[in-house]
Amino acid sequence: MKITVLTLFPEMYDSFLSNSIIKRAIARNLIEIKLVNFRNYTTNKYHRVDSPPVGGGAGLILMCQPIIDALKDNSSDSTHKIVLSPRGSVFNQQKAIHLSKKDEILILCGHYEGIDERIYKYFDEEISIGDYILTGGETASFVLIDAISRLIKGVISEDSIKEETFNSPFIEYPQYAEPYEFEGEYVPDILYSGNHQAIEKYRLKKSIEYTFKYRPDLIKDYQFSKKEKELIEEINSNKTPSWEEKTLLNAKKFIKNH
């Protein structure tokens, strides 16, 4: 995938693109990131890309000419063109999955008080990353690039993606690392049972429980399956079911011997 970013501050991407997963994905040619400073396209004799708003008002407005010329020079008919805008649809995992299937996307980072309204017809969609104010679109573009890139085949393992929050109706189950005990807190014994079917069932149960606790909005209109309804009954009963008790016996034997 090729991602082109129209920005006034390409230097902001130096650290972001030279670390961790993004860096490795670029090195392996799984993604290509092209940074375009649209100030280089201005025809203004003072090299400006902005002007006061027509009709008066605070701040400065980005002008059409440098943005559209940069857009035309760095995209094609097949490029999916995005404006980062507070009035856009809110970015989520489903949108990230949709965009990850594109061959090429272009992202415009806004700045100052706003952008000339006439540029929007040149773009395919507007996206917001949330209802708050940022100094510019660069940090918002980091979110899109990160979320989209990790879904490109080969960037990270498919198993990691499959089990993450927002790839199911429920948030992710709690995770643990060694040691077994830390400051009086213990890893749940069932995770040492070696019974993968029971562990999977336990994790689904915890995912459902945590979703009700932390993000009930995610399942407001969700239709639970028979299996999920049974797990909800177990959660509400506050009792350890027989399948879990049997699994815990094996887990305790393992813990005792190790």
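Biologist: A pocket is an open set of grid points with protein on both sides within 12 Å along at least five of seven lines. How much space lies in the largest pocket here?

Modeller: The model is a predicted one. Its largest pocket holds about 520 Å³ of space.

Biologist: Which residues are the closest to its centre?

Modeller: The lining has 23 residues, and Leu84, Ser85, Pro86, Gly110 and Leu134 are the closest to the centre of the pocket.

Biologist: And which elements give two or more residues to that lining?

Modeller: They are strand 5, strand 7 (114–115) and strand 8 (125–128). Strand 5 provides the largest share, namely four residues.

Biologist: How do the lining residues divide into nonpolar, polar and charged?

Modeller: Eleven of the lining residues are nonpolar, nine are polar and three are charged.

Biologist: You mentioned strand 7. Which strands form the open sheet with it, and in what order?

Modeller: The open sheet has three strands in the order 3-4-7, with mixed pairing. Strand 3 (50–51) and strand 7 are the edge strands, each of which pairs on one side only.

Biologist: In what sense do strand 4 and strand 7 pair, parallel or antiparallel?

Modeller: Strand 4 (residues 61–62) pairs with strand 7 in the parallel sense, over two bridges. Within that pairing, isoleucine 61 stands opposite glycine 114 of strand 7.

Biologist: Where is the place of aspartate 116?

Modeller: Aspartate 116 is found in the loop between strand 7 and strand 8.

Biologist: Does it count as buried or exposed?

Modeller: Aspartate 116 counts as buried because its relative accessibility is 16%, and buried means under 20%. Leaving out residues up to four places away in sequence, aspartate 116 touches Ile61, Leu62 and Cys64.

Biologist: Let us change topic to strand 1. How many of its residues are buried?

Modeller: Five of the six residues of strand 1 (residues 2–7) are buried, so the strand is mostly covered.

Biologist: Which residue stands opposite leucine 6 in strand 2?

Modeller: Leucine 6 faces valine 36 there. Strand 1 and strand 2 (residues 32–37) are paired in the parallel sense over six bridges.

Biologist: How many bridges join strand 1 to strand 6?

Modeller: Five bridges link strand 1 with strand 6 (residues 104–108), and these two strands run parallel. Threonine 4, for instance, has leucine 106 of strand 6 as its bridge partner.

Biologist: Now the interior. Which residues have the most contacts inside the largest nonpolar core?

Modeller: That core has 30 residues, and those with the most contacts inside it are Ile3, Tyr13, Phe91, Leu144 and Ile145. Helix 5 (138–149) is one of the elements that supply at least two residues of the core, and others include strand 1, helix 2 (20–27) and strand 6. Helix 5 gives the most, with six residues. A second core of 18 residues lies apart from this one, and among its members are Leu6, Phe38, Cys64 and Ile68.

Biologist: Why do such residues gather?

Modeller: In soluble globular proteins, nonpolar side chains tend to be buried together.

Biologist: What does tyrosine 13 touch?

Modeller: Not counting residues up to four places away in sequence, tyrosine 13 touches eight listed residues: Val5, Thr7, Leu35, Cys109, Glu138, Ser141, Phe142 and Ile145.

Biologist: One last residue: with which residues is isoleucine 33 in contact?

Modeller: Isoleucine 33 belongs to strand 2. Neighbours within four places in sequence aside, isoleucine 33 is in contact with Ile3, Leu17, Ile26 and Ile145. At 17% relative accessibility, isoleucine 33 counts as buried.

Definitions and conventions
Residues are numbered from 1 along each chain as its sequence is written. This is a predicted model: local features need pLDDT of at least 70, side-chain atom pairs count only at pLDDT 80 or more; totals for chains, interfaces and linings use all residues. Side-chain values use heavy atoms; hydrogens and water are left out. Buried means under 20% relative accessible area, exposed over 50%, partly exposed in between (1.4 Å probe, protein chains only). Two strands pair if DSSP finds at least two bridges between them. A nonpolar core is a set of buried Ala, Val, Leu, Ile, Met, Phe, Trp, Tyr and Cys residues joined through side-chain atoms within 4.5 Å. Contact means heavy atoms within 4.5 Å. On a 1 Å grid over the protein atoms alone, a cavity is a set of points where a 1.4 Å probe fits but cannot get out, and a pocket is an open set with protein on both sides within 12 Å along at least five of seven lines; lining residues have an atom within 4 Å of a point. Grid points are joined across faces, edges and corners, and a volume is the space filled by probe spheres set on the points. Ala, Val, Leu, Ile, Met, Phe, Trp, Tyr, Cys and Pro count as nonpolar, Asp, Glu, Lys and Arg as charged, and the others, Gly among them, as polar.
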